[in-house]
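Let's take a relaxed look at how some charged and polar side chains pair up here. Have the sequence and the 3D view ready as you read.

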Amino acid sequence: MNEEYERIVNTFTESDRPQARLFRHSKATGAAAEQLWYRVEIVLAEMLSSETYNLWIAPLVPYDYHDHCLSILTPNDAYREFFSHHFIGLLDSVVRQLTP
């Protein structure tokens, strides 16, 4: 897995604020992120085919969960770009369902 990660930088109003975002960093930290990510993975594994899950969800790594926003790491730029166009909405929806 490539150790270079890209950050998606977005500006949102409070009501538009995402519940999941892709983040740049070299390693995962945060017990809260890991606990939430474990629950997210269970839901996504039930929703997606095993091929889709293994290709697009399994490589993700939780980084941080702060202020109702889960930050995750992606393997590389191309992965981040594809994921942000095709899966970020699903991930955001699942995180919203699992958090108060």
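How many salt bridges does the structure hold? This is a predicted model, and it holds 2 salt bridges. As a bit of background, side chains with opposite charges can pair when their charged atoms come close.

Here are the two pairs, with the N to O distance for each:

| Salt bridge | Distance (N to O) |
|---|---|
| E81 and R80 | 3.6 Å |
| D92 and R96 | 2.8 Å |

Let's start with E81 and R80, whose side chains meet in a salt bridge. Is R80 buried or exposed? R80 counts as buried because its relative accessible area is 13%, and the cut-off for buried is under 20%. Its partner E81 is partly exposed, at 37%.

E81 has another contact to look at, this time through its backbone. The backbone oxygen of E81 sits 2.9 Å from a polar atom of the S84 side chain. You'll find S84 in helix α3, which covers residues 77–86. S84 is buried, with a relative accessible area of 18%.

Now for D92 and R96. Where do they lie? Both are in helix α4 (residues 88–98), 4 residues apart, which is about one turn of the helix. Their side chains meet at 2.8 Å, N to O. In this pair D92 is buried, with a relative accessible area of 15%, whereas R96 is partly exposed, with 40%.

So much for the pairs; to recap, R80 is the buried partner of E81, and D92 is the buried partner of R96.

Notes
Residues are numbered from 1 along each chain as its sequence is written. This is a predicted model: local features need pLDDT of at least 70, side-chain atom pairs count only at pLDDT 80 or more; totals for chains, interfaces and linings use all residues. Side-chain values use heavy atoms; hydrogens and water are left out. A salt bridge is a side-chain nitrogen of Lys or Arg within 4 Å of a carboxyl oxygen of Asp or Glu. Buried means under 20% relative accessible area, exposed over 50%, partly exposed in between (1.4 Å probe, protein chains only). Helices (H or I, at least four residues) and strands (E, at least two) are DSSP runs, numbered from the N terminus. A polar contact is a pair of N or O atoms within 3.5 Å; within protein, one must be able to donate a hydrogen and the other to accept it, and residues adjacent in sequence count only if both atoms are side-chain atoms.
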